[in-house]
Amino acid sequence: MSSTTEPYCINVRAQPRKRHAEAGEFLKTPIAHRVRFPLVVLCLLALSGGGAMAVESRTVLVLYSNGRLVPGNVAVEAGLRSALESSAERPVTVFTEFLDNPDFTGDRYERTVTTYLRDKYADHPPSVVVAVARESLDFVLRHREDLFPDVPVVHAAVFPSFPEPMEKLPADVVGVPVGYEITGTIDQALRWHPNTQRLVFVTGSTPRDLEWEGRFRDKATGLPPQVKAEFFAGLPIEVLGKRLAELDAHSLVVTAGFYQSGDAQRFTPRDAAALVAEKSSVPVYGTFSTFLGTGVVGGVMPRFEAMGRQAGDIINALLDGAAPSSLELPERTRNNLSVDQRQTRRWRIADSDVPPDAYVEFKQPTFWDAYRTAALIGGGVMLLQAGLIGALLLEHRRRLKAEGTLVQRGSELAHASRLAIAGELTASIAHEINQPLAAILANTEAAELMVKSGTQKPDDIGNILADIRRDDLRASDVIARLRSLLAKHVAARHPIELNEAVDQGCAMVEGEARRRAINLVQRPGPSPMQILGDRIQIQQVLINLLLNAMDALGDLPDSRRTIVVSTARHPEHLTLSVSDRGHGIEPAHLPRLFDSFFSTKSRGMGLGLSISRSIVDAHGGRLRVDSTPGKGTVFHVDLPSPGIDGAAPKEYRWT
């Protein structure tokens, strides 16, 4: 027995001592002397009025058959307290007591408990007594006259048969009987395990355990013919564990737990069910909802929380003034299939085979249940990312298209620049071609004269033919160089010898230099000078720089009419330099020198240097200038060498 009480609510009461003390402190102040008597009267009236308005709390005594920590009692208590209605107008205080059956029994014990309860609640008699389980109801009815003779009794978790039929109970003893559908549990287990051939019932050795064994034996008579019933009743724990572990795959276990094993070890039914589930090699089904979570699969069973709520609803009605006999109550508590989802999945029972109206505890949340918010956020982020990626891909496509257009325009512009260069070289090109043609014509005429005069000699004719062939190759070479400069082509990166490319480029403008009376000097660096690039584009840059240098020397005396083209090797790059002794470039013009359409020449378009810089940039190099006004200008083309680490040229901007 436990003497612990648990109040359900706090009563709303006046506190006269505190109020009198506060009034006394005020009356001691000087201001209060003139009004002392009226205040005293008002305070007394207020205190008397407050006491009259206090509402007496209604007491509910809940008496449990066994101990405080029995899981069924905890569940009933939770359901009862959730249903009870307490307010300032009708305060309710709940006290709980425990008979601790079956640990304590007998007449002497009951007399002690009766005296204890009567004396304890003499000043706070209960308005309603709640008897939870059969032993508690039996105790209350047998000692009712000595305890609370006129107090209505509400019972919970009591079998309909009690020790006697419910119809024979006094009119003010009411409640909803509990029934356990053992057959429903067995039928559901056999539906889930259709190959079962052996059904084992596990019980203990106390009188209560023996009652459950009797119920199991009654239900076992209705088993299908292919299923054999066995009873592990009152076995020592070691023997019970061994037998449970040896069960084959065609077996099932049903248990109501037990209070005592065959070797006198004490248990609560829930702890016993947990032991059975732990030792068993096959699924275990139970009769009480408190078994869920111990390893038991489940069963068709009433729920203790529901029993507590039903008792709470009845108490509310009685406290509100309803007569016990006027209450319309269910015949018994409702039974529902209750399962532990962890165990149904352990024993490979499909979720779809669990009826939709079943109570499913320890339900494993689906991904959507567990991560709904995160999934929505993640999905939104993914959609946003997908949209962003799509937009970026579209933008990338547009950019590639724009770059392709830019490359095409750049290629056309570079080609136009080469055509412009060819236009500037027209006179010198014509002269370069005219010379070998004139020589060919002279040699041809000389040969004709020899033939007509009859004085031709084989050696002379051979020499004339050799001269003609040489001049023809010379003209052909000029045309080939011009054609390579003017032709449209796709830029390609190949290893080229810089000195060789420079020599060919200088040869293209050599005639123009002679025409302008300019001395063109080449100072090649030590070979090899390999670069990775496009020969035509490198030569285009060189020719453009040479023509600019020639323009810079146009009005200068012969002593300054010299252009030097040199190549040099440096630790990190190769350099092609074009220097002149012209007027130089004004410092104010240097920042814009490589801008498109900027020119210091009156007839210039301002595209030559811009295109040249783009070509050099595409080769991974740099075009720079050093100029001293009045003394001359040097353009440097720095190009990476393939043999230098990290010096591979970048992608071309023009093709």
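**A walk through salt bridges and one small sheet**

Hi everyone, let me start at a helix: E510 and R514 form a salt bridge, with their closest N and O atoms 3.4 Å apart. Keep in mind that we are looking at a predicted model. Why do these two residues sit about one helical turn apart? They are four residues apart in helix α15, which covers residues 498-515, so about one helical turn separates them. As for solvent, E510 is partly exposed at 41% relative accessibility, and R514 is partly exposed too, with a relative accessible area of 43%. Elsewhere, salt bridges with shared partners join R134, E135, R208, E211 and R215 into one network.

A quick reminder for the chemists: side chains of opposite charge can pair when their charged atoms come close. How many salt bridges are there by this rule? The count comes to 22.

Let me pick another one. R198 and E230 meet through their side chains in a salt bridge, 2.6 Å from N to O. R198 lies in strand β6 (residues 198-203) and E230 in strand β7 (residues 228-233), so this pair ties together parts that are 32 residues apart in sequence. Is E230 buried or exposed? With a relative accessible area of 19%, E230 is buried, because the cut-off for buried is under 20%. R198, at 23%, counts as partly exposed.

Now for the sheet. Strands β10, β11 and β12 form an open sheet in that order, three strands with mixed pairing. At its edges are β10 (298-301) and β12 (359-361), each of which pairs on one side only. On average, neighbouring strands here are turned by 20° against each other, ignoring direction. As background, strands of a sheet pair through backbone hydrogen bonds, either parallel or antiparallel. Strands β10 and β11 (residues 336-340) run antiparallel, joined by four bridges. Which residue of β11 is the bridge partner of M301? That would be N336. Helix α6 (residues 182-192) packs on this sheet and touches both β10 and β11, with its direction at about 145° to that of β10.

One last pair brings us back to charges. R303 and E361 meet in a side-chain salt bridge, at 2.2 Å from N to O. This one links distant parts of the chain, 58 residues apart: R303 is in the loop between β10 and α10 (304-319), while E361 is in strand β12. R303 counts as buried at 13% relative accessibility, whereas E361 counts as partly exposed at 23%.

Thanks for listening, everyone!

Notes:
Residues are numbered from 1 along each chain as its sequence is written. This is a predicted model: local features need pLDDT of at least 70, side-chain atom pairs count only at pLDDT 80 or more; totals for chains, interfaces and linings use all residues. Side-chain values use heavy atoms; hydrogens and water are left out. Two strands pair if DSSP finds at least two bridges between them. Axes are lines fitted to C-alpha atoms, for helices over the stretch in contact, and angles run from 0 to 180 degrees between N-to-C directions. Contact means heavy atoms within 4.5 Å. A salt bridge is a side-chain nitrogen of Lys or Arg within 4 Å of a carboxyl oxygen of Asp or Glu. Buried means under 20% relative accessible area, exposed over 50%, partly exposed in between (1.4 Å probe, protein chains only).
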